[in-house]
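Student: I should like a close look at a single part of this model. Please treat it in one connected account.

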2 protein chains.
Amino acid sequence: MVPMTPKKNQYAVRAVFELAKRRGEGPTKISQIARAQVIPERFLEVILNKLKRSGLIESKRGFTGGYSLSRPPAQITVGDIMRFLDGPTAAMNCAACTETSSCPSHRRGCAFSAMWNRVNQAVLSVYNDTTIQDLLDNEIHLKAQRRRRPPRAPARTEGQRL
Amino acid sequence: MVPMTPKKNQYAVRAVFELAKRRGEGPTKISQIARAQVIPERFLEVILNKLKRSGLIESKRGFTGGYSLSRPPAQITVGDIMRFLDGPTAAMNCAACTETSSCPSHRRGCAFSAMWNRVNQAVLSVYNDTTIQDLLDNEIHLKAQRRRRPPRAPARTEGQRL
DNA sequence: AATTTCTCGACTTTAAAAGTCGACAAGCAA
DNA sequence: TTGCTTGTCGACTTTTAAAGTCGAGAAATT
């Protein structure tokens, strides 16, 4: 129904999230992130390397090396990550109407373009409204919830918190 | 950035849209729809055949055969089409947290699940709020606009109308 | 009967995502 | 300065799902 977010993007968000969790502990190694977030290490390598060029994260080599966040989690949105990964190319294009040939009435926006734009905008809004700090806060809440209740009870309040 | 809606789904919407345009003219043949909407004919065959089982469209064989809409365009939403095509399976699953193994904190919703849910919900809302009639109305508006202006002028009011 | 159309399942192709690798460069520590 | 450890980089391979094709058959129509 809703097209799945690419794994690469998910990994990227999770990795940044993990860095946020460990902020202040000095650089975190790829291997640590990979283990904590269950991401294929060699693949994560590629992702982080690319992500570095966004300026969102920094790296250091050698024995005490690793990655670290370059700004506070509250100042990084999921949208920042997504936007960088997919480049400005894929930013605003309508699904059917960008390629001249595949859309019968492509001259000046077809009957569908408004809808595709609204979909894009809707997704973007969520991403841009969600900071890494928000995700961090979610985790804390969930942990507290888990501690308070008997283990393994089915989740009750799902999907409300940002 | 925003994952592209599958072509199959786009084709389906466009096909239903085309049927809506021709409502009242008797059954429309696959070949006609394919030509009008620039969809590979043999592929459209598969799509329409499947879509038929949703009850949204009807078919008739033989010389005067073809497809037709089974309800008024105002009573069909894009969501109806999407929901049927992807089945109830893909309906509500979070990107990373449905498979036990791929998400480190999968027990009762991870820090991310709320966000993925919000994305899903956002997209769904647009789809469910958009009827085929709405799309029809868009087309009429665009046509009128085109007639009123000198040809090939750049689009001005883009992405506002439903 | 002949033609036209949809029907159905199986099949092939294509493209992108996902994942891997080897060699190298930088930093630390003994 | 030698030898670890870590990130860097480009090229490569694998896997997967989407996209598209096909042939034979079944219902209508003339």
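Student: Which helices and strands of chain A and chain B each supply at least two residues of the surface near DNA strand D?

Tutor: This is a predicted model, in which local features need pLDDT of at least 70 and side-chain atom pairs count only at pLDDT 80 or more, while totals for chains, interfaces and linings use all residues. Residues are numbered from 1 along each chain as its sequence is written, chains are lettered from A and ligands numbered from 1 in the order in which they are written, and side-chain values use heavy atoms, with hydrogens and water left out.

From chain A, α3 (41-52), β1 (57-60) and β2 (66-69) each supply at least two residues of that surface, and from chain B α1 (7-21) and α3 (41-52) do so. Helices (H or I, at least four residues) and strands (E, at least two) are DSSP runs, numbered from the N terminus. A residue is near a strand of DNA if one of its heavy atoms lies within 4 Å of it. DNA strand D is surrounded by 26 residues, and the closest are A:K52, A:S59, A:Y67, B:R42 and B:K60.

Of the atoms of DNA strand D within 4 Å of the protein, 67% belong to sugar or phosphate and the rest to bases. Polar contacts (pairs of N or O atoms within 3.5 Å) include one to a base: a base nitrogen is 3.4 Å from an N or O atom in the side chain of A:R61. A polar backbone atom of A:G62 lies 3.1 Å from a sugar or linking oxygen of DNA strand D, and a polar backbone atom of B:K8 is 3.2 Å from a phosphate oxygen.

Note on methods:
Polar contact = N/O pair within 3.5 Å; in protein donor to acceptor, adjacent residues only side chain to side chain.
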